[in-house]
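User: I would like a close look at one part of this model, read slowly and set in the context of the rest of the assembly.

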Amino acid sequence: MGNYLVRRLLQLLVALLGMSVIIFLAMRVAPGDPAERMVSPLATQQELQQMREALGLNKPIYEQYVIFLYDVLHGSLGKSLFYNAPVVTLVLESLPATFQLALLSMMVVIVVGVPLGVYSATHSDSWPDVIARAITYIGQAMPSFWLAIMLILAFSVGLGLFPAFGRRSPSAFVLPVISLALPRLARVMRFVRSAVLEVMHEDYVRTARAKGLPERSVVYRHGFRNALIPIVTDTGLQFAWLLGGSMIVEVVFAWPGIGALTLNAIYSRDYPLVEGCVIFLGLIFLLINLIIDLSYAVLDPRIRYQ
Amino acid sequence: MSPKKTSLISRRDFLKGAAGVAGLAASGTILQACAPLASPTPVPPQAPTVPPIPTKVPVPTVAATAVLTGPAGTLRIAMRETLLSLDPQKEYQIVSLGFTNRCFADPLVNYDDKYNFVPGLALSWTAIDDLTWEFKLREGVKFHNGEKFNAEAVKYSFERMKDPNYKAGGASLLADVDSVKVKDEYTVLVRTKEPSGALLPNLTLVSIVPIEASKRDDFATNPVGTGPFRFVEYKKGERLVMEANREYWGGAPKLKQVIYYPIAEDTTRMAAVRTGEVDIAYGILPEEIAGLKVMPQLEVFSVLSNDCVGVIAYLEGDKPRIKSKVRKAMLMAIDREKIVSKILQGVGAVARSVVSAALPFFNPNLTPYPYDPKQAKALLTEAGYPDGFSSNLVVPSGFYPKDAEITQAVAAYLKQIGINLEVRLVEQSSAWPLRRVPYEFFYSGGAVMNMDGDMAFSRDYMPETSREKYNNPEVTRLIKAARASSKQDQRRELYRQVQAAIWEDMPRIQIHDVGDVWAMSKRVKNWQPRPDKTIVLKDASVEG
């Protein structure tokens, strides 16, 4: 286990390094010039050039990468071109807002999605199952931003129940959490349904029934538990997705999280900030993956990590 | 069998334990999440100090009550822009130049509602000779932190903004300034490199900052100025809170608190003003106007801005676009009235010159080019292109209102006289650099932030700096003459002549003056939107 963990952490470092190269190059290859956004329209070509020099954008690309790597290894991740502050500070400031949304959304997804999925599986092809499946298809097909705007128009403008933006009160969490949770809830429910359906035909489930165990116990202790590995894997990845993929929802609700920060940074070509955000989100994603893998050994004792 | 059994138990125990830990962790997070939300609006650090009411109370009039109670109420504003740095000298973006800088800080020279110069931190200014301006400064003004405002602070502020290492977005506003001399405590001499009529208008955008506070690292997040409002709190991406500066040199503002919310999404901003979560929202979409106008608690303003947008032709290369007749044919082939009334739903106006009609030097007497496809076709034939030609148009996506719809309409109109214009919507950051290299046509305008002709013309209509390679010796001469003059009336007259000359060349196929739509709650009193988008709140107040 110890060896395995060390090996995985080393792999994680390699993955991060690879990611840093890709995001670094992707930003440089993408057209657009951050200096152009920083100077006034009055500025001449010469002043633009001065700004590029001041930002270090005139240096050869490998030199820029070495500077970037130096900043990464020193933990500062460089300085944002636009906010004029260390990237690491900006990212850490914006993480709590995103975590709050992601955790609340995940709780909604699990508390509602998992039991619904199990019910759908054990009562497959009953009318509640058919309705639930129809809803999940719609839920998955709805883009988050569209859903978010519809929720604002219906519940803020129409009914006046919840704030339209910001996070000034607990009720301000309701609409963004629904916008984030609904599409994922649909997915998790479908996933749980198919995973449970699969194991319900296994021999051990039949044996459990033959033993005369109550149906509830058959479903949850023998069926659902054996279906847990794919469910945990998918749900874990959904959580990682919630952390990194809440950009649009954050922008719609003017939510001060890392998603909105990243998107703004991309629009303004704030190279160090985009790189920092991506590396942070990548790190979180890799860590969640690692935790999922480690949880297998707990969920299924046959799995051992050497 | 037995090992499996033990492992089963431990697995169950683990799951229970894990569930418990997860539950605890989650509830902890929710508690944390809710904690800062207990007080939704931040309480100002000190309670409002109500001046003692005199024992013999006179019959209270409205004005007297205001004087007695001092600043009151909170005004909330939503705009599209995220705030980057709060340092009043750093940014060159609408929300900084037009709003936050003006809350925290003051310029030396300011504009009144008619865009005539009025004293800011300078009481008066005189041109001593062609190159030297003398500014007499206001005495007894203090920065929010107690630092003294004087000639040293002005000299320091100018030099700070000009310093290339400081990377001020608006450094070019001071490009003409050669040196700043302190004559005495309250007099500065500003020397320009050449006679500069643009100095004063440029100075309306230059904030004066305190020497000590601005050297601190946290100045960008904790700004200090002389302005009517002082900084209270800033949560990045969430809100900026300011409170009345009771010692303001121009008299205490009527509002106690001002909160700025950056809301990037247009629909959300519109929703926020409808629900009453904000009092003023900028950037309302034309299609939302009708829905907002029926709401009794709201007022909707549609005002002309300082920007005029059109199809800009790159004027070098052996292409049809370099011929003036071709560009005039293109203009006459486009039904601009219809574009403004149908696509823009009446927001903005048909362009009647090369600059917006909201500018104080606008020339209203130019002969319009009517919508006339027949004459357009004839002009095109005369220019030697009876069968038309093919070209393309770069559009910085989302920068100008309804840009996709308008440029598609333009392409459809041009098709009728045989011109095939391929419309290329390009993401903004990628689009702007394309304006600095040869292109065919580019959909753009230029906001004249300081409302002055020099900013409007000296870059794109002078041969050395023109991005579209415009070169007309008469225009160059007029722009130079206006630049050398320090008499504002004379300068504005020269800029009217500049417009007449450019209007004959038609280097840009001007479509429309850009309109700004603002929605405002009726609880806001004494405030109106301005063409330059500056939000001056010193005299504004709120009811209830």
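What percentage of the 544 residues of chain B count as buried? Starting from that, please examine the antiparallel sheet of four strands in chain B, and then set it against the architecture of chain A and the contact between the chains.

Analyst: This is a predicted model, and in it 47% of the 544 residues of chain B count as buried. The chain is made up of 15 helices and 19 strands, and among its contacts between residues at least 6 apart in sequence, 71% join residues at least 24 apart.

The sheet is open, with its four strands in the order β4-β5-β7-β6 of chain B and with antiparallel pairing. Its edges are formed by β4 (122-127) and β6 (177-184) of chain B, each of which pairs on one side only, and from one strand to the next the twist averages 20°. Within this sheet, β5 (residues 132-137) and β7 (residues 187-192) of chain B pair in the antiparallel sense over five bridges, and the register can be followed at the level of residues, since B:Phe135 stands opposite B:Val188 in β7(B). A helix accompanies these strands: α4 (residues 151-162) of chain B lies across β5, β6 and β7 of chain B, and its direction makes an angle of about 165° with β6(B).

Chain A is built from helices, with 14 of them and zero strands, and its C-alpha trace spans about 85 × 60 × 30 Å along its principal axes. Of its 306 residues, 41% count as buried, and of the contacts in chain A between residues at least 6 apart in sequence, 71% join residues at least 24 apart.

Chain A is divided into domain 1 (2-73) and domain 2 (87-299), whose centres, taken over C-alpha atoms, are separated by 32 Å. Where the two domains of chain A touch, domain 1 gives 15 residues and domain 2 gives 12 residues. On the side of domain 1 of chain A, the elements that give two or more residues are α1 (2-29), α2 (34-38) and α4 (61-73) of chain A, with the largest share, nine residues, coming from α1(A). By class, that side of domain 1 has 10 nonpolar, two polar and three charged residues.

The largest nonpolar core has 226 residues, and the members that touch the most others are A:Cys277 and B:Ala281; this core draws at least three residues from each of domain 1 (2-73) and domain 2 (87-299) of chain A. Leaving aside residues up to four places away in sequence, A:Cys277 touches A:Val91, A:Ile258, A:Leu261, A:Thr262 and A:Ala265.

Finally, the contact between the chains takes 46 residues from chain B and 51 residues from chain A. On the side of chain B, at least two residues each are supplied by α1 (2-34), β10 (257-262), α6 (266-274) and α12 (428-431) of chain B, and the largest share, seven residues, comes from α1(B). The residues on this side of chain B divide into 21 nonpolar, 16 polar and nine charged.

Technical notes:
Residues numbered from 1 in each chain as written. Chains lettered and ligands numbered in written order. Predicted model: local features only at pLDDT ≥ 70, side-chain atom pairs only at ≥ 80, totals over all residues. Domains from an automatic or database assignment. Contact = placed C-beta atoms within 7 Å. Nonpolar A, V, L, I, M, F, W, Y, C, P; charged D, E, K, R; others polar. Pairing = 2+ DSSP bridges. Axes fitted to C-alpha atoms, helices over the stretch in contact; angles between N-to-C directions. Core = buried A, V, L, I, M, F, W, Y, C linked by C-beta atoms within 7 Å. Buried ≥ 20, exposed ≤ 12 C-beta atoms within 10 Å, placed from the backbone.
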